[in-house]
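Open the model in your viewer and keep the selection tool at hand. Each stop below says what to select and what is there.

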Amino acid sequence: MNWFGNAHLHNCYILVLINKEQIMPAPNGLRTFDVAPSPTTGGARPEQTAQRLTLLQLTDPHLFAEPDGQLLGVTTRRSFEAVLELALAHSPPADALVLTGDLVHDESREGYRALRRLLDRTGLPYYCIPGNHDSQPLMEELLGPAALGPVAVRTLGDWNLVFLDSTEPGREGGRIGQARLAALGDALVAKRSPAVIFLHQHPIPVQSAWMDRLSVEDGDELIALCNRHHQVKALVCGHVHQEFAQRLDGYWVLGTPSTCVQFEPRQSKFAIDAQPPGYRELTLLANGALETRVVRLDGYPERPSRTAGGY
Ligand SMILES: [Fe+2]
């Protein structure tokens, strides 16, 4: 069944950043960070020029071995397929897919095999980092070179994509640790091109007490490191199952909806949100500017049970 065909697009929080203090609605649905040039008119569409690279971030799919496996009443493989289909159809042609953890909820071989089949089918390069609901050995075995960490850099055009494993076995919250911080620092010294850092857990509070207890424990050290390296344009995470954006010292911290179940923002206790699944589009410009937006599957028929007390 083609879920995309039955759903309506819903772009959330459509904004453009004029400067660091002022936020205004944007007619083109893009959120622009830093000082981006105005879209060109006539000739090739801006997204078709070589100066714009498009990444699609899909996060927290929480797949299961069984195709009909559910998380809080949502059939996660079906919703992931629907979001992937939406992303490929609705965004400009993508240069790569990025998956930021909680890939397979039951940490099963078949779950990772299913993920690989779906991603291979796109014909696009894809990069995966682990979440707290993942098995790194199985990721390495079944996703091959797409499984990245603990600190990995991939060059895309004029940009560096930095993949940072923020997980520790047995912990729901994240911790980078001195070894990974040092490796990240070395990578940022060696590579001065504009960079986006992807990690699973959020490094700063999102103002939900229960979720913030599961953030990156040493997030302050990660932020201090990024503050010293001005080529860092964004830290992009999963884990929070909600849209989030906060400007720091010259870069953004961005959170992204899950492809299955959403958490309600700014809650002291665990709370399910009725928002539909979604993904984040990131457009990287040659001048170091970054545009991004979240797109959701409005009208997606399956919604989670809102009475759940946890997951
Ligand atoms: Fe998750």
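How many helices and strands are there in the protein? There are six helices and 19 strands. Keep in mind that this is a predicted model. Of the 311 residues, 58% are buried. Now look at contacts with a sequence separation of 6 or more: residues 24 or more positions apart account for 69% of them.

**Stop 1: the largest nonpolar core**

Select Leu-184, Ile-197, Leu-199, Leu-222 and Leu-235. These residues have the most contacts inside the largest nonpolar core, which has 35 residues. Next, colour the elements that each supply at least two residues of this core: strand 11 (159-164), helix 4 (177-190), strand 12 (195-199), helix 5 (209-212), helix 6 (219-227) and strand 13 (232-237). Which of the helices gives the most to this core? Helix 6 does, with four residues.

Stay on Leu-235 and show its contacts. Beyond four places away in sequence, Leu-235 touches Ile-197, Leu-199, Pro-203, Leu-222, Ile-223, Cys-226, Tyr-251, Trp-252, Val-253 and Leu-254. A second, separate core has 31 residues, including Leu-115, Cys-128, Leu-138 and Val-295.

**Stop 2: Pro-203**

Select Pro-203, in the loop between strand 12 and helix 5. Is Pro-203 buried or exposed? Its relative accessibility is 5%, so Pro-203 counts as buried, the cut-off being under 20%. Now add Val-216. The two are 13 residues apart in sequence, yet their C-alpha atoms are 4.9 Å apart in space. Leaving aside neighbours within four places in sequence, Pro-203 is in contact with Val-216, Gly-219, Leu-222, Ile-223, Leu-235 and Val-253. Leu-235, from the previous stop, has Pro-203 among its contacts.

**Stop 3: strands 8 and 9**

Select residues 96-100, which are strand 8, and find strand 9 beside them in the selection list; the two run parallel and are joined by four bridges. In strand 9, Ile-129 is the bridge partner of Thr-100. Add helix 2 (residues 109-122): strand 8, helix 2 and strand 9 make a right-handed β-α-β unit.

Now show side chains on strand 9 (residues 126-129). Which of them point one way, and which the other? Tyr-126 and Cys-128 point one way, Tyr-127 and Ile-129 the other, and all are buried. Cys-128 also belongs to the second core.

**Stop 4: a hairpin**

Move to strand 10 (residues 151-156) and strand 11. They pair in the antiparallel sense over six bridges. Arg-154 has Leu-161 in strand 11 as its bridge partner. The hairpin has two residues between the strands. Check Gly-157 there: it takes a positive phi near 60°. Strand 11 is also one of the elements that supply the largest core.

**Stop 5: His-62**

Select His-62, in the loop between strand 5 (52-58) and strand 6 (70-71). Why does His-62 count as buried? Because its relative accessibility is 0%. Show its contacts. Not counting residues up to four places away in sequence, His-62 touches Leu-71, Thr-76, Asp-102, Leu-103, His-105, His-133, His-241, Cys-260 and Tyr-311.

**Stop 6: the cavity**

Last, turn on cavities. The count comes to one cavity of 30 Å³ or more. Its volume is about 30 Å³. Which residues line this largest cavity? Select Val-74, Cys-260, Gln-275, Pro-276, Pro-277, Tyr-300, Glu-302, Arg-303 and Pro-304. Cys-260 is also one of the residues that His-62 touches.

Note on methods:
Residues numbered from 1 in each chain as written. Predicted model: local features only at pLDDT ≥ 70, side-chain atom pairs only at ≥ 80, totals over all residues. Heavy atoms only, no water. Core = buried A, V, L, I, M, F, W, Y, C linked by side-chain atoms within 4.5 Å. Buried < 20%, exposed > 50% of the residue type's maximum accessible area, 1.4 Å probe, protein only. Contact = heavy atoms within 4.5 Å. Pairing = 2+ DSSP bridges. Right-handed = clockwise from strand over helix to strand, strands pointing away. 1 Å grid on protein atoms, 1.4 Å probe; cavity = no way out; pocket = protein on both sides within 12 Å on 5 of 7 lines; lining within 4 Å. Points joined across faces, edges and corners; volume = space filled by probe spheres on them.
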